[in-house]
Amino acid sequence: MAVIDPRLLYLDIPEMDHDHEQLVAIANRISGIVEQPDYRQKDFAAELRALKEYTIDHFAREEAYMARIAYPGLSAHKLQHAKIMEALAALAAEGATRGAKIALSLRLFTQVWLYEHISGADGEYAKFAKGRT
Ligand SMILES: [Fe+2]
Ligand SMILES: [Fe+2]
């Protein structure tokens with residue numbers, strides 16, 4: 001599973017870039033665990049849980065940030081976050097029992113969420129933030 005370079009996802013908003021870096025780091029750790037020959041289900045489930053928990057915190061910080069800058073796309077963005085959380089919660093629950101068997105779904109999900117959401121929807125509020133300064 002390819003490792004994601006967080007620099008590809010920078011928005012030039014340090015607090016959000018920091019959060020995205022942490023998310024990428026967890027996603028990359030999950031890829032690493034799955035590829036190990038002595039792969040341990042416990043580690044995988046723990047990292048999946050960490051990804052879910054960090055995502056909850058990140059979304060809360062990001063939504064507060066968008067509210068702070070009075071971003072007009074906030075409610076649509078919140079909906080996207082809710083959908084991602086739903087998918088992530090389902091994956092985490094599945095991963096807890098099926099482990100590496102969900103690696104492919106996890107990779108697809110990570111690609112969509114980390115690449116499309118951050119460079120797409122997150123990029124939009126970043127553009128808006130820059131336009132205001
Ligand atoms: Fe984000
Ligand atoms: Fe977002």
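Let's start from one residue: H77 sits in helix α3, which spans residues 74–98. Keep in mind that we're looking at a predicted model. H77 counts as buried, because 20 other C-beta atoms lie within 10 Å of its own and the cut-off is 20 or more. Leaving aside residues up to four places away in sequence, H77 touches M66, A121 and Y125. For contrast, try L104: 27 residues along the chain from H77, with 26 Å between the two C-alpha atoms.

Now zoom out. The chain has four helices and zero strands, so from the N terminus the order of elements reads simply α-α-α-α. The C-alpha atoms fill a box of roughly 50 × 25 × 20 Å along the principal axes. As for overall size, a compact globule of 133 residues would have a radius of gyration near 14 Å, and the 15 Å of this chain agrees with that. Of the 133 residues, 21% count as buried. If you take the contacts with a separation of 6 or more, 68% of them are between residues 24 or more positions apart.

How do the helices sit against each other? Take them in chain order. Helix α1 (residues 14–35) and helix α2 (residues 41–68) pack at about 165 degrees, and their axes are 10 Å apart. That angle is over 145 degrees, which means α1 and α2 count as roughly antiparallel. Their crossing is left-handed. On the α1 side the contact includes L23, I26, A27, I30 and I33, while the α2 side has F44, L48, L51 and Y54 among its members. There are charged residues here too, including E15, D19 and R29 in α1 and D43, E47, R61 and E62 in α2. Sorted by class, the α1 and α2 contact has 13 nonpolar, three polar and seven charged residues.

Next comes the pairing of α2 with α3. These two pack at about 170 degrees, with axes 9 Å apart, and that makes them roughly antiparallel as well. From α2, the contact takes in F44, L48, L51, T55, I56, F59 and M66, among others; from α3, the list includes L74, H77, H81, M85, L88 and L91. So H77 turns up again, and M66, one of the residues it touches, is on the α2 side of this contact. By class, the residues here divide into 15 nonpolar, four polar and four charged.

The last pairing is α3 with helix α4 (residues 103–132), where the axes come within 12 Å and cross at roughly 165 degrees. Once more that makes the pair roughly antiparallel, and α3 passes α4 in a left-handed crossing. H77, Q80, I84, A87, L91 and G95 of α3 make this contact with S105, L106, F109, W113, H117, A121 and Y125 of α4. The class count is eight nonpolar, five polar and no charged residues.

So where does that leave H77? This α3 residue is part of the contact with α2 and also of the contact with α4. Its partners fit that picture: M66 is listed for α2, whereas A121 and Y125 are listed for α4. L91 and G95 of α3 are likewise in the contact with α2 and in the one with α4.

Methods: Residues are numbered from 1 along each chain as its sequence is written. Chains are lettered from A and ligands numbered from 1 in the order in which they are written. This is a predicted model: local features need pLDDT of at least 70, side-chain atom pairs count only at pLDDT 80 or more; totals for chains, interfaces and linings use all residues. The radius of gyration is taken over C-alpha atoms; the globule rule is 2.2 Å times the number of residues to the power 0.38. A residue is buried if 20 or more other C-beta atoms lie within 10 Å of its own, exposed if 12 or fewer, and partly exposed in between; C-beta atoms are placed from the backbone. Two residues are in contact if their C-beta atoms, placed from the backbone, lie within 7 Å. Axes are lines fitted to C-alpha atoms, for helices over the stretch in contact, and angles run from 0 to 180 degrees between N-to-C directions. Angles under 35 degrees count as roughly parallel, over 145 as roughly antiparallel, 65 to 115 as roughly perpendicular and the rest as oblique. A crossing is left-handed if the near helix is turned anticlockwise from the far one by less than a right angle, and right-handed if clockwise. Ala, Val, Leu, Ile, Met, Phe, Trp, Tyr, Cys and Pro count as nonpolar, Asp, Glu, Lys and Arg as charged, and the others, Gly among them, as polar.
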